[in-house]
Amino acid sequence: MKIRKFKYLVLVVLVVAVGFLIFRAYLDRPPAGPVFSVMTHNIGSQPDLVPTTEEIAEVIRRNVVPDVLLIQEAPWKVKMKDLAELLGFDHYVTGREMSPMSNLAILSDWPLTNPETLRFPSTYMKPTALCAEAEIDGNKVLFCTMHLETLNPQLGGLQAAGDERPAAIFQIVKDEFLNETNHSRHVKQFLDWIGPKKFDEIIIGGDFNTFPLSKPIRLMTNHFKDALWPSLDYFRGTYLRFNLPLPIKPRIDFLFHSNGLYPIEARIVRESAGDHYPIQTNFILASPEKP
């Protein structure tokens with residue numbers, strides 16, 4: 001009964017959201033300003049799927065190389081120096097140089113300065129954020145790439161849970177939506193860490209391993225905007241191997257931005273060399289150019 005009610009609730013939310021999208025698209029007008037593109041991409045890998053540097057670069061090239069690329073879960077055999085050269089990036093920072101076992105990276109057309117990492121406490125994996133600064137048209141912009149811990153410990157046991165699986169999935173969704181979890185704790189830690197920093201604009205991309213409207217995502221959207229809202233891609237999944245019985249496949253990858261940035265042509269790229277789809281967005285920098 002609970003699962004059926006949840007499906008009806010999801011359907012109602014979708015109908016209301018689509019109506020809002022139509023209304024918003026009719027009224028919205030983009031501001032003037034320089035345009036640059038950002039892609040966030042959890043490359044990921046499975047024992048049967050470990051993409052090469054060349055395969056990753058080819059997929060990104062086919063979908064337009066962004067000005068800034070935020071990477072998570074890069075396979076260890078993929079060297080960021082090689083990927084940057086293949087894609088034509090002049091600058092990059094990698095978490096591997098600052099934090100043990102980090103597989104995060106930022107590749108950029110602009111010089112990246114003051115890189116920092118933030119580790120989140122976890123007994124399952126090593127969730128981390130990597131941030132670096134760039135100057136765009138006189139504006140100081142902070143770019144962050146994040147990877148929060150997966151739900152594999154909970155979801156793994158559901159693969160053979162039989163009749164108990166729907167109830168267990170419902171409990172995980174309920175916890176993520178209402179309760180304090182590692183995801184929400186880590187987001188709070190990140191927001192406390194980034195709060196005192198002074199930047200004109202901020203862009204944060206990554207694999208949050210939770211779904212839209214969950215408590216951790218609501219915490220993020222209290223401070224930043226989701227680049228995919230409003231669009232139909234807001235409701236589409238980004239993890240290719242999600243096979244649990246839910247009414248829709250949840251999106252677990254996000255691209256957030258501060259108020260002085262206006263997203264246009266935000267979309268989920270429906271191609272990947274790994275097991276996640278990237279999110280790519282063109283941003284209009286609406287902040288005034290500095291003298």
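Two strands pair if DSSP finds at least two bridges between them. Strands themselves are DSSP runs of E with at least two residues, numbered from the N terminus. Keep both ideas in mind as you click through this predicted model, where local features need pLDDT of at least 70, side-chain atom pairs count only at pLDDT 80 or more, and totals for chains, interfaces and linings use all residues. Residues are numbered from 1 along each chain as its sequence is written, and side-chain values use heavy atoms, with hydrogens and water left out.

**Stop 1: strands 7 and 8**

Select residues 139-147, which make up strand 7, and then residues 201-207, which make up strand 8. How do strand 7 and strand 8 run, parallel or antiparallel? They run parallel, joined by seven bridges. To see one position across this pairing, show methionine 146 and look for glycine 206 opposite in strand 8. In general, strands of a sheet pair through backbone hydrogen bonds, either parallel or antiparallel.

Now colour strand 8 by burial, where buried means under 20% relative accessible area, exposed means over 50%, and partly exposed lies in between (1.4 Å probe, protein chains only). Seven of the seven residues of strand 8 are buried, so this strand is largely enclosed by the rest of the structure. Turn on its side chains: Glu201, Ile203, Gly205 and Asp207 point one way, while Ile202, Ile204 and Gly206 point the other way.

Before moving on, pick asparagine 139 in strand 7. Asparagine 139 is buried, with a relative accessible area of 1%. Its C-alpha atom is separated by 8.1 Å from that of phenylalanine 199, although these two residues are 60 apart along the chain.

**Stop 2: the sheet around them**

Add residues 253-257, which form strand 10. Strand 8 and strand 10 pair in the antiparallel sense over five bridges. Here isoleucine 204 has phenylalanine 256 in strand 10 as its bridge partner.

Zoom out to see an open sheet of six strands in the order 5-6-7-8-10-9, with mixed pairing. Which strands stand at the edges? They are strand 5 and strand 9 (225-226), and each pairs on one side only. Strand 5 runs antiparallel to strand 6, with five bridges joining them. Glutamate 116 stands opposite cysteine 131 of strand 6.

**Stop 3: a cavity**

Keep glutamate 116 and cysteine 131 on screen, since both help to line the largest cavity. A cavity is a set of points, on a 1 Å grid over the protein atoms alone, where a 1.4 Å probe fits but cannot get out; lining residues have an atom within 4 Å of a point. Grid points are joined across faces, edges and corners, and a volume is the space filled by probe spheres set on the points.

How many cavities of 30 Å³ or more does a search of the whole structure find? It finds one, and the largest cavity has a volume of about 40 Å³. Select the full lining: Asn114, Glu116, Cys131, Glu133, Leu142, Trp193, Lys197 and Phe199. Strand 5 (113-119) and strand 6 (128-136) each supply at least two of the lining residues.

Two of these residues deserve another look: lysine 197 lies over the face of tryptophan 193, at 4.5 Å from the ring centre. A charge sits over a ring if NZ of Lys or CZ of Arg is within 6 Å of the ring centre and within 35 degrees of the ring normal. Arginine 218 also lies over a ring face, that of phenylalanine 177, at 4.8 Å from the ring centre.

**Stop 4: the other sheet**

Next, find six strands that form an open sheet in the order 3-4-2-1-12-11, with mixed pairing. Strand 3 (91-94) and strand 11 (261-268) are at the edges with a single partner strand each, so one side of each is left without a neighbour in the sheet. Inside this sheet, strand 1 and strand 12 pair in the antiparallel sense over six bridges. Valine 35 stands opposite isoleucine 284 in strand 12.

**Stop 5: aromatic rings**

Rings of Phe, Tyr and Trp (its six-membered ring) pair if their centres lie within 6.5 Å; planes under 30 degrees apart count as stacked, over 60 as edge-to-face and the rest as tilted. The count comes to ten aromatic pairs. Show phenylalanine 36 and phenylalanine 283: their ring centres are 6.0 Å apart and their planes are at 35°, so the pair is tilted. Phenylalanine 36 sits in strand 1 (residues 35-42) and phenylalanine 283 in strand 12 (residues 279-285), 247 residues apart. Both are buried. For a last selection, add Trp110 and Phe143, which ring pairs link with Phe36 and Phe283 into a cluster.

How values were computed:
Helix = DSSP H or I, 4+ residues; strand = E, 2+ residues; numbered from the N terminus. 1 Å grid on protein atoms, 1.4 Å probe; cavity = no way out; pocket = protein on both sides within 12 Å on 5 of 7 lines; lining within 4 Å.
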